[in-house]
Amino acid sequence: MIFYYGEAGMQESHTSELPTGTTASGRSKDTQPAKLHTERFVDRNAAALARLGDMIFYYAELGMQEFRTSELLTDILASGGFEVERNLSGFPTGFMARYGNGDPVIALHCEFDANPGNSQVPGRAERAEIVPGAPGHCEGHNVNAAVTITAALAIRSALKSFGIPGTLKVFGAPAEEQLISRPYFVRDGHFDDVDIAFHAHIRDVFRTEYGLVQVGLMSVQFTFLGMAAHAATSPWEGRDALDAAVLMDVGMAQFREHMWPGTSAHRVFTEGGTQPNVIPARATCWWFFRDSSPEGVRRLFEQGERIARGAAMMANCEVETNIMSGVWPVRCNETIAKVIQRNIEAIGMPVWTAEEQDFARALQTNAGQKVIGLRDAPAPLLGPSEPIAASNDCGDVSWVVPMGRIWFPSNIPNAAFHHWSAGAALTTSIAHKGGLAGTKALAASALDFLMSADAVEEAWRTFRIEIEGSEFRSLLPATQKPPVELNRALMERYRPLMEPHYLQGRPEFVLSEMA
């Protein structure tokens, strides 16, 4: 049997039946005692790793409202010997956990939020909602968190068992889908003592890369303020805030002709009135401005702000600007990427069964995508890479400390993020086996730097070359506070309908020190 759907779906198998290896032999080729220790730790906890990701999948909590998820993750870390600081930088669901002392300081950071409107029954190769209209994991941040937390426990076990000096920090970053929290963590100094940082993210490939990998972004709300009036009997008494928001939209549409290559902007309207016969006194549009350089991001935002002021003037309204977040492009360090690549190649791609390949092909068919099944080998090292059009709020981290990223193979090729198809595999054996491989690669790569001052020094040498000529200045205003109310109403609406589908209990990690 292949798929574990959990208590919210058709339960055909259990996580205890999961394979415990990621190559034909179930072991990587690396024989360093500490790294072999972490690999055995991960194998021993394969069921707990899978269960943790599955539980977060069914929580499906939106950014800033990940209360159950954050509580679960911090409880596991605290039980595993970490000192946990909650409410990090004013984020109720943000956290930083620490183990060990001294140098080097290695940081793992992860996200765990879902997206609105993407509820999907896992293990189904066609669109099927768990709760109609509800949030859902349709990218795989549930697996990101499970991989990072399990790797942290494995690294901590190795540090303790072998007396390895150094400090491990684990960051829980809320609201990545809104690109919010990590710029606040960097601004507030939480990465100031970090020597090397790692980010693990789900994908359909097992690979790493170096260079610029994702574009920068500013997330900005424009709220237009007017005056209400009866839309039929006395509209001349009103000042239509929705008119102003629409005029900004028109202005941005006209400006697109003049946008430079690699730049993009997109928006939603979050407020626009209550009923047709009342002229809206308040309207809000929320914009993402993206570019491959921080200067380009700021320039595009400033153009958008000028258009907003012009729209407000035309509608006789006022406008307020709220910069929710500002994120630098994501860059990855060449030295760290080469270390990660060696570990990826040592671990190898999961061995997929015929049933898993059949599921992948069925999903690709039903999603209207090219049918290629699952990939059967790790990808070669990519770099210097060209940035993809998406962003991640870890960008700021990558400009203040050398950072590496592991893409691990827990999803299906050509399943587009933020689409139902990207949620269909997230509690299946595909996600579990890919997560197992990613966890081993993350733990092994972190240990390579914890056990080698020369490796840390080399990463910093190449990092200084990579960022030469750039001076990091946060795009986030110094006094900006986290938007703690974001998504609260939406989660309060859907959480009672989602709760009957939650998995009960908690993952049981085996933490005994076995060298």
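Start by selecting Ile323 in this predicted model; you will find Ile323 in strand β10, which covers residues 318-327. Show everything around Ile323 and, setting aside neighbours within four places in sequence, you will see contacts with Met218, Ser219, Val220, Phe301, Leu475, Pro477 and Gln480. Is Ile323 buried or exposed? Its relative accessible area is 14%, so Ile323 counts as buried. For a sense of distance, add Leu300 to the selection: the C-alpha atoms of Leu300 and Ile323 are separated by 13 Å, with the two positions 23 residues apart along the chain.

**Next stop: Asp240**

Now move to Asp240, in the loop between β7 (216-225) and α6 (241-255). Here is a charged side chain that is buried yet has no salt bridge. Which side chain of opposite charge is nearest to Asp240? That is Arg239, and it is 11 Å away.

Zoom in on what Asp240 does reach. Its side chain comes to 2.9 Å from the backbone nitrogen of Leu242. A polar atom of the same side chain of Asp240 also lies 3.1 Å from the backbone nitrogen of Asp243. Then widen the view, leaving out neighbours within four places in sequence, and Asp240 is in contact with Ile279, Pro280, Ala315 and Cys317.

**A sheet of three strands**

Switch to a cartoon view and select β11, β6 and β12. These three strands form an open sheet in the order β11-β6-β12, with mixed pairing. At the edges are β11 (330-332) and β12 (382-385), each of which pairs on one side only. Look along the sheet and you can follow a twist that averages 25 degrees from one strand to the next.

Strands of a sheet pair through backbone hydrogen bonds, in either a parallel or an antiparallel arrangement. In which sense do β6 and β12 pair? Strand β6 (residues 209-214) and β12 run in the parallel sense, with two bridges between them. To look at one bridge position, pick Gly211: its bridge partner in β12 is Ser385.

**Following the charges**

Side chains of opposite charge can pair when their charged atoms come close. The model has 22 salt bridges in its count, and a few make good stops.

Select Arg68 and Glu499, whose side chains meet in a salt bridge at 2.7 Å, N to O. Arg68 belongs to helix α3 (residues 67-79) and Glu499 to the segment after α13 (488-498), so this pair ties together parts that are 431 residues apart in sequence. Arg68 is partly exposed, at 29% relative accessible area, and Glu499 is partly exposed too, at 32%.

Go on to Glu209 and Arg207, which form a salt bridge at 3.3 Å, N to O. Are these two buried or exposed? Glu209 is buried, with a relative accessible area of 5%, and Arg207 also counts as buried, at 16%.

Then select Arg309 and Glu305, where the salt bridge is 4.0 Å, N to O. The two are four residues apart in helix α7 (residues 294-314), so about one helical turn separates them. Arg309 is partly exposed at 43% relative accessibility, and Glu305 is partly exposed at 21%.

For the last stop, select Arg98, Lys169 and Asp193 together: these residues are linked in a network of salt bridges.

Notes
Residues are numbered from 1 along each chain as its sequence is written. This is a predicted model: local features need pLDDT of at least 70, side-chain atom pairs count only at pLDDT 80 or more; totals for chains, interfaces and linings use all residues. Side-chain values use heavy atoms; hydrogens and water are left out. Buried means under 20% relative accessible area, exposed over 50%, partly exposed in between (1.4 Å probe, protein chains only). Lys and Arg count as positive and Asp and Glu as negative; His and the chain ends are not counted. A polar contact is a pair of N or O atoms within 3.5 Å; within protein, one must be able to donate a hydrogen and the other to accept it, and residues adjacent in sequence count only if both atoms are side-chain atoms. Contact means heavy atoms within 4.5 Å. Two strands pair if DSSP finds at least two bridges between them. Axes are lines fitted to C-alpha atoms, for helices over the stretch in contact, and angles run from 0 to 180 degrees between N-to-C directions.
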